[in-house]
Amino acid sequence: MRRNIIICILFVCFLLKSNGICQTSADENIVHLNLRITSNKIELLNTKITAGRLKSFHQKNNFSKNNIYFEIFADDGKRIYNSTIPNPFIRYLESADENGNISSVRIILDTAFVSIRIPYHPKINHVDFFKLSGENIENRLSANELQKIDSIVLNIKKEND
């Protein structure tokens, strides 16, 4: 009985690892891209590589009209990663008056500063940023809905690459 349980646990771990859900490689890294974003320009301020792994189950794309969609490409043109950034130009500030009543103010920014995290890849080349041209009700993406905002070449290499 105990042997069957151990075999089942080992099998489940093998499946999780082979599907990328439970990777434990000490060589995994995250790239932090710090960006300045305006309505028609995205500027890379700096990058930083840290040890770690992105949690793929938290990376859910939200293709709403106001969000920014991005794709990361390798040297050979193959897409490595994609995700969305919540609208960086809208901020909400909440405050309470002396009676405890809470009010919210919507602030629209001209320039936003954003940090995004992407998985490190030794052949990482560039990132393309897009916005949606209309409302995407089904939360699916089609090429005719995308308007390219900007593209940034990434020269990111680890010391041992």
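This note describes two sheets and one pocket in a predicted model.

1. The three-stranded sheet. One open sheet is built from three strands, placed in the order β2-β1-β7, and their pairing is antiparallel. β2 and β7 are its edge strands, and each of them pairs on one side only. On average, neighbouring strands in this sheet are turned by 20° against each other, with direction ignored.

2. The pairing of β1 with β2. Strand β1 covers residues 29–37 and strand β2 covers residues 42–51. The two run antiparallel and are joined by nine bridges. Together, β1 and β2 form a hairpin, with four residues between them. A student who wishes to follow this pairing on the structure may begin at N34, which stands opposite N46 in β2.

3. The pairing of β1 with β7. Strand β7 spans residues 112–119. Eight bridges connect β7 with β1, again in the antiparallel sense. Two positions may serve as landmarks here: V31 faces I118 of β7, and the bridge partner of N34 in β7 is S115. N34 therefore deserves a second look, since N34 stands opposite N46 in β2 and has S115 as its bridge partner in β7. This agrees with the strand order, in which β1 is written between β2 and β7.

4. The four-stranded sheet. A further open sheet contains four strands in the order β4-β3-β8-β9, with antiparallel pairing. Which strands stand at the edges of this sheet? They are β4, residues 79–85, and β9, residues 146–153. Each has a single partner strand, so one side of each is left without a neighbour in the sheet. The average turn between neighbouring strands of this sheet is 20°, direction ignored.

5. The pairing of β3 with β8. Strand β3 comprises residues 68–74, and strand β8 comprises residues 124–132. Seven bridges join these two antiparallel strands. As one example for inspection, Y69 has F130 in β8 as its bridge partner.

6. The second largest pocket. This pocket holds about 200 Å³ of space. How many residues line the pocket? The lining consists of 13 residues, and those nearest the centre of the pocket are K65, N66, N87, F89 and K131. By residue class, the lining divides into six nonpolar, five polar and two charged residues. K131, one of the residues nearest the centre, falls within the residue range of β8, 124–132.

Technical notes
Residues numbered from 1 in each chain as written. Predicted model: local features only at pLDDT ≥ 70, side-chain atom pairs only at ≥ 80, totals over all residues. Heavy atoms only, no water. Pairing = 2+ DSSP bridges. Axes fitted to C-alpha atoms, helices over the stretch in contact; angles between N-to-C directions. 1 Å grid on protein atoms, 1.4 Å probe; cavity = no way out; pocket = protein on both sides within 12 Å on 5 of 7 lines; lining within 4 Å. Points joined across faces, edges and corners; volume = space filled by probe spheres on them. Nonpolar A, V, L, I, M, F, W, Y, C, P; charged D, E, K, R; others polar.
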